[in-house]
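The report below describes one protein chain, moving from a single residue in a loop to the core strands and then to the surface.

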Amino acid sequence: MIQKNITVIILTFNEQIHIERCIKSLQSFAKEILVVDSYSTDDTVEIAKSLGAKVYQNKWPGNQAKQFQWALDNCPIDTEWIMRMDADEFVMPKLAEEITQKLHNVPNDVSGIYIKRRVYFLDKWIRYGDYYPIWLLRIWRNRYGKIEQRWMDEHIRLSSGKTIRFENDFVDDNKSGLTAWTTKHNNYATREAIDALNKIYNFTDEDIEKGNLFGSNIERKRWFRQKYDRLPLFIRPIIYFHYRYFLKFGFLDGKEGFIWHFLQGFW
């Protein structure tokens, strides 16, 4: 029997609609599941505990980066590997099996593993518009990873070591409805603005991943974002929508794809 050697960390606040699905998708391969909760007022904590997760609570510090770093610094983690998940995400069975079979054979010079994210919207897999595959570094060796202190689009940075990719997917599928989706993206816009002001006025000296056309997936994304930010203000969303919906075939995802790319572009 293969020994489980990975701890999964999930940040939560009022996630009773999602947390059971998330935790159950992790149980086959995770030694421990740690839920770091920001004092939910619904049944999130009770559901998580009933499924065997260990729950820690910390007052919301203002953004996910600070809360996740608090988890890394304060939660007892004794496994070789750590994985990051959001409460509205879940691991597909094939990825769970792949993690179980491959993790113990990862070479010693590898300290990070990229996995693919599928985005679902209104129960539709958004396969086009350059939204699949989205490669994210979500698994790393204990003590080799630190999260960027950004307000938005924060990622794990490795202190050393190589990275590899696993073949199978996890899913981002928020079931809270379109109103909650819009509220969340309004909050994203505020956080993006804070990051932009931090960059312009040097409010932070945090060392973050820079944009690089020939670098990693995240570096390329940030390079394009830097170019995008220099375009005229009200021209940008029109260009963004046309790029996603027409040039990257977002229209192939039907009416759900149109709503997704329209809201992504103009909100």
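Arg-143 counts as exposed because its relative accessibility is 71%, where exposed means over 50% relative accessible area, buried under 20% and partly exposed in between, computed with a 1.4 Å probe and protein chains only. This is a predicted model, in which local features need pLDDT of at least 70 and side-chain atom pairs count only at pLDDT 80 or more, while totals for chains, interfaces and linings use all residues. Residues are numbered from 1 along each chain as its sequence is written, and side-chain values use heavy atoms, with hydrogens and water left out.

**Loops and backbone**

Arg-143 belongs to the loop between E8 and E9, and the loop also holds Asn-142, with E8 spanning 134–141 and E9 spanning 145–147. Helices (H or I, at least four residues) and strands (E, at least two) are DSSP runs, numbered from the N terminus. Asn-142 counts as buried, because its relative accessibility is 10%. Leaving aside residues up to four places away in sequence, Asn-142 is in contact with Ile-77, Thr-79, Glu-80, Trp-81 and Ile-82, a contact being heavy atoms within 4.5 Å.

Most residues other than glycine have a negative phi, and most peptide bonds are trans. The table lists two residues with a positive phi that are not glycines.

| Residue | Phi | Location | Relative accessibility |
|---|---|---|---|
| Tyr-39 | about 60 degrees | loop between E2 (32–37) and H2 (44–50) | 46%, partly exposed |
| Arg-143 | about 75 degrees | loop between E8 and E9 | 71%, exposed |

The peptide bond from Tyr-132 to Pro-133 is cis, its omega being near -5 degrees, and Pro-133 sits in the loop between strand E7 (124–125) and E8.

**The chain and its buried elements**

The protein chain has 8 helices and 11 strands, and 45% of its 267 residues count as buried. Of the contacts between residues at least 6 apart in sequence, 71% join residues at least 24 apart.

Strand E1 is largely enclosed by the rest of the structure, because 7 of its 7 residues are buried. Ile-6, Val-8, Ile-10 and Thr-12 point one way from E1, whereas Thr-7, Ile-9 and Leu-11 point the other way. E1 runs parallel to E4, to which 6 bridges join it, and it likewise runs parallel to E2, again with 6 bridges; two strands pair if DSSP finds at least two bridges between them. Val-8 of E1 stands opposite Met-83 in E4 and opposite Ile-33 in E2.

In helix H1 (residues 19–26), the buried residues are Ile-19, Cys-22, Ile-23, Ser-25 and Leu-26. They lie on the same side of H1, because they cover an arc of only 160 degrees around the axis, the arc being that of the directions from the helix axis to the C-beta atoms. These buried residues pack against several elements, including E1 (6–12), E2, E4 (81–86) and helix H4 (93–102).

**The surface**

The protein chain exposes about 14,500 Å², of which carbon and sulfur atoms supply 54%; accessible areas come from the Shrake-Rupley method with a 1.4 Å probe, and for residues only the protein chains shown count as cover. A nonpolar surface patch with about 690 Å² of accessible area together is formed by Leu-122, Leu-178, Ile-238, Phe-258, Ile-259, Phe-262, Phe-266 and Trp-267. Patches are made of residues with over 30% relative accessible area and no salt bridge, with like charges joined within 9 Å and nonpolar side chains (Val, Leu, Ile, Met, Phe, Trp, Tyr) within 5 Å; a salt bridge is a side-chain nitrogen of Lys or Arg within 4 Å of a carboxyl oxygen of Asp or Glu. Helix H8 (residues 254–266) gives the largest share of the nonpolar patch, 4 residues. Trp-267 is in the segment after H8 and counts as partly exposed, because its relative accessibility is 47%.
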